[in-house]
Amino acid sequence: MAKHFLLLNLIAVLSFCCVVLAFEPSPLQDFCVADPAGTAKVNGLACKDPKSVGADDFFFSGLHLAGNTSNTFGSKVTPANVAQIPGLNTLGISLARVDYAPWGINPPHTHPRATEILTVLEGSLQVGFVTSNPENRHITKVLKKGDVFVFPVGLVHYQRNVGNGNAVAIAALSSQNPGVIGIANAIFGSEPAIATDILAKAFQVDATVVAQIQSKF
């Protein structure tokens, strides 16, 4: 009797676990075109009525156009994610074009929700990423036209044009909305600002140095 009771309890626990842990990572319908006007709170964007979906929901024109690199960093990112292509909603993929002026940089940043695979279309780029603590290993390489490089999800990475001409790359990312956290912007340009004494201790510099850097953001 006791064994029978324990067996029933085990079956009940296993049944409960299976229900709780059930998960379907893939889309359960052909598409879920984003509806920016939707009021439903979901992880992503609510779906448009499929009957109102058209070709333009899956279309974007612009990656053939060079970005304006006349800025501090000498680079310009042109995204093609769910904000530009509503049909990417729930599909877990997006693109971006990156233009670089001679010796321009795409400064250190992370994508908290995506791995990135970068292909050089024109020019030469020095690329790199830094592994997590405690190693903080800097992995870097110079890429030429046609070369491909991967930046693992969440790791700080960058690119720099190492040529005297313009450079162009296309990045594919494993999220419809990969997100971008610029390291310098996040640390020195946050709102409200991180206290200068905290940053001074973290970077082991004088508070006046921190304040000077913060004034640029």
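How much space lies in the largest pocket? About 540 Å³ lies there, in a model that is predicted. The report below begins with the overall build of the chain, turns to the sheet and its central strand pairings, and then returns to the pockets and to some local features of the backbone.

## Overall build

The chain has 217 residues, of which 30% count as buried, and it contains 4 helices and 10 strands. Followed along the sequence, these elements give the pattern α-β-β-β-β-β-β-β-β-β-β-α-α-α, so that, by the assignment of DSSP runs numbered from the N terminus, one helix comes before the strands and three helices come after them.

Among contacts between residues at least 6 apart in sequence, 68% join residues that are at least 24 apart. The accessible surface of the chain comes to about 13,800 Å², and carbon and sulfur atoms account for 62% of that surface.

## The open sheet

An open sheet is formed by 5 strands, in the order β6-β5-β8-β3-β10, and the pairing within this sheet is antiparallel. Strands β6 (138-143) and β10 (181-182) stand at the edges, and because each has a single partner strand, one side of each is left without a neighbour in the sheet.

Strand β3 (residues 105-110) runs antiparallel to β8 (residues 156-161), and 3 bridges join the two. Along this pairing, I105 stands opposite R160 in β8, while N106 has Q159 as its bridge partner in the β8 strand. Strand β3 also pairs with β10, again in the antiparallel sense, over 2 bridges, and here H109 stands opposite G182 of β10.

## T110 in strand β3

Is T110 buried or exposed? With a relative accessible area of 9%, T110 is buried, because the cut-off for that class is under 20%. The residue lies in strand β3, and, once residues up to four places away in sequence are set aside, T110 touches G154, L155, V156, H157, G179, V180, I181 and I183. Among these contacts, V156 and H157 fall within the residue range given for β8, whereas I181 falls within the range given for β10.

## The two largest pockets

The lining of the largest pocket is made up of 27 residues, and V77, N106, H109, H111 and V180 are the ones that lie nearest its centre. Two of these names have already appeared in the sheet, since N106 is the bridge partner of Q159 and H109 stands opposite G182. At least two lining residues are supplied by each of β1 (75-80), β2 (94-100), β3, β9 (167-173) and α2 (183-188). By class, the lining of the largest pocket divides into 14 nonpolar, 11 polar and 2 charged residues.

The second largest pocket holds about 440 Å³ of space. It is lined by 14 residues, and the closest to its centre are N43, G44, N89, T90 and Q176. Its lining has 5 nonpolar, 8 polar and 1 charged residues.

## Cis peptide bonds

Two cis peptide bonds deserve a note. One of them joins N133 and P134, with omega at about 5 degrees, and P134 has its place in the loop between β5 (125-130) and β6. Another joins E191 and P192, where omega is about -5 degrees, and P192 is placed in the loop between α2 and α3 (196-203).

## Positive phi outside glycine

Where in the chain is W103 placed? The residue sits in the loop between β2 and β3, and its phi is near 65 degrees, which is a positive value in a residue other than glycine. W103 is partly exposed, with a relative accessible area of 45%.

Q204 likewise has a positive phi without being glycine, its value being near 55 degrees. This residue is found in the loop between α3 and α4 (207-214). Q204 counts as exposed, at 73% relative accessibility, because that class takes in values over 50%.

How values were computed. Residues numbered from 1 in each chain as written. Predicted model: local features only at pLDDT ≥ 70, side-chain atom pairs only at ≥ 80, totals over all residues. Heavy atoms only, no water. Pairing = 2+ DSSP bridges. 1 Å grid on protein atoms, 1.4 Å probe; cavity = no way out; pocket = protein on both sides within 12 Å on 5 of 7 lines; lining within 4 Å. Points joined across faces, edges and corners; volume = space filled by probe spheres on them. Nonpolar A, V, L, I, M, F, W, Y, C, P; charged D, E, K, R; others polar. Buried < 20%, exposed > 50% of the residue type's maximum accessible area, 1.4 Å probe, protein only. Contact = heavy atoms within 4.5 Å. Areas by Shrake-Rupley, 256 points an atom, 1.4 Å probe, with all protein chains shown as cover.
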